[in-house]
Amino acid sequence: MVGSGGAMLRIVLLNPKGGSGKSTVATGIAAMYAARGFNTALMDFDPQGTSSRWLEKRPRSRASIHGVEAFSRAIGVTRSFQLRVPPGTDRVVVDTPAALQPQSFNEHVRDADAVLVPVMPSDADIHACSRCIGHLLISGKIKRRENRLGVIANRVRPNTIIFRTLMRFLDQMQIPVVTTLRDSQSYVYAGEHGLGLHEMNPARVQPELAQWDALWSWLESRKPFVQPATAAGVAGV
Ligand SMILES: Nc1ncnc2c1ncn2[C@@H]1O[C@H](COP(=O)(O)OP(=O)(O)OP(=O)(O)O)[C@@H](O)[C@H]1O
Ligand SMILES: [Mg+2]
């Protein structure tokens, strides 16, 4: 493994709306990093186990990814032991479940260096996304100035009214739109075969790869997030 030679980054995919693309993007990011020589871990908090199943299907010939089935509760070990990643891990990608309650957001975003909210262009998804971002920001769990929150417009069909509505909405939210990912059967194929877009025939996924370049650049310009000390923390309470 080449490794990043830098600090570990923790990247969390979060949106309580089911089917928005969390697992597709989480597995795609993990594969992208692994294929580029980073020691990568994929942590699956979803009892549906979509990311874990993807990892099981991953061909042995591909760069390995360390899987953590965080949704299961191991007996006889502490939670932190269960959630550990191997020493030298460069990138941890975290997949979270649908219907995650706002009171559980903090558990996932607390230590995140990047929080990505995938959103699809539909009325219901736009509404759910606004609630999700609202919960993250209003509760103060994430502050805009931390620059660790980004949105991914997913399953996009350009030149549709609903896509323009989505982009207008995201503009109003003033949260960076890290990339837009087009609606493509390549994602379905990648999901079924334990692959990422970066591991498929480049000639077939050229337009998709260009969209992932923007995601790569944004992720790699994140700085490790250091949680500011709270008054209670400073006082050692
Ligand atoms: N850009 C895309 N183009 C085509 N299909 C996509 C795209 N993104 C996701 N999909 C498909 O949409 C479905 C839902 O995606 P995914 O499982 O990633 O969503 P999710 O947010 O993880 O869902 P859940 O909330 O149930 O965990 C999957 O069948 C996936 O293959
Ligand atoms: Mg999922």
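Two strands count as paired here once DSSP finds at least two bridges between them. The strands themselves (E, at least two residues) and the helices (H or I, at least four) are DSSP runs, numbered from the N terminus.

A quick note before the close-ups: this is a predicted model, in which local features need pLDDT of at least 70 and side-chain atom pairs count only at pLDDT 80 or more, while totals for chains, interfaces and linings use all residues. Residues are numbered from 1 along each chain as its sequence is written, with chains lettered from A and ligands numbered from 1 in the order in which they are written.

**View 1. The shell around ligand 1.** Ligand 1 has 19 residues around it, and the closest are G18, K22, S23, T24 and A98. To be in that shell, a residue needs its C-beta atom, placed from the backbone, within 6 Å of the ligand. What is the shell made of, by class? There are 11 polar residues, plus four nonpolar and four charged ones. In this scheme Ala, Val, Leu, Ile, Met, Phe, Trp, Tyr, Cys and Pro are nonpolar, Asp, Glu, Lys and Arg are charged, and the others, Gly among them, go down as polar. Three elements chip in at least two shell residues each: α1 (22-35), β6 (149-156) and α7 (185-193).

**View 2. β6 and the strands beside it.** Strand β6 is largely enclosed by the rest of the structure, because seven of its eight residues are buried. Buried means that 20 or more other C-beta atoms lie within 10 Å of the residue's own, exposed means 12 or fewer, and partly exposed is whatever falls in between, with C-beta atoms placed from the backbone. Strand β5 (residues 114-119) runs parallel to β6, and five bridges join the two; V119 has A153 of β6 as its bridge partner. Strand β7 (residues 177-182) is also parallel to β6, over four bridges, and here V151 is matched with V177 of β7. To get from β6 to β7 the chain goes through helix α6 (residues 161-173), in a right-handed β-α-β crossover. Right-handed means that, with the strands pointing away from the viewer, the path from the first strand over the helix to the second runs clockwise.

**View 3. β4, covered on both faces.** How many of the residues of β4 (91-95) are buried? Five of five, so to speak a full house. R91, V93 and D95 point one way and V92 and V94 the other, every one of them buried. That is the usual pattern: in a regular strand, side chains alternate between the two faces of the sheet. Strand β1 (residues 9-13) pairs with β4 in the parallel sense over five bridges, with I11 partnered by V93. β2 is parallel to β4 too, again joined by five bridges, and L42 stands opposite V93.

**View 4. The two sides of α2.** Helix α2 (residues 50-57) has S51, S52, W54 and L55 buried. These four sit on the same side of α2, because they cover an arc of only 155 degrees around the axis, taken from the directions from the helix axis to the C-beta atoms. E56 and K57 are exposed, on the face turned away from the buried side. The buried residues pack against α1, β2 (40-44), β3 (66-68), β4 and α7, where contact means C-beta atoms, placed from the backbone, within 7 Å.

**View 5. L215 and G134, buried or exposed?** L215 belongs to helix α8 (residues 206-220) and is buried, with 22 other C-beta atoms within 10 Å. Leaving out residues up to four places away in sequence, L215 touches V178 and T179. G134 lies in helix α5 (residues 123-138) and counts as exposed, with 12 C-beta neighbours inside 10 Å. From G134 to M173 it is 39 residues in sequence and 9.2 Å in space, C-alpha to C-alpha.

**View 6. Two loop residues with positive phi.** Most residues other than glycine have a negative phi. A99, though not a glycine, has a positive phi of about 60 degrees. A99 sits in the loop between β4 and α4 (102-109) and is exposed, with 8 other C-beta atoms within 10 Å. N159 is not a glycine either, and its phi is positive at about 65 degrees. N159 is in the loop between β6 and α6, exposed with 7 other C-beta atoms within 10 Å.

Methods: Two residues are in contact if their C-beta atoms, placed from the backbone, lie within 7 Å.
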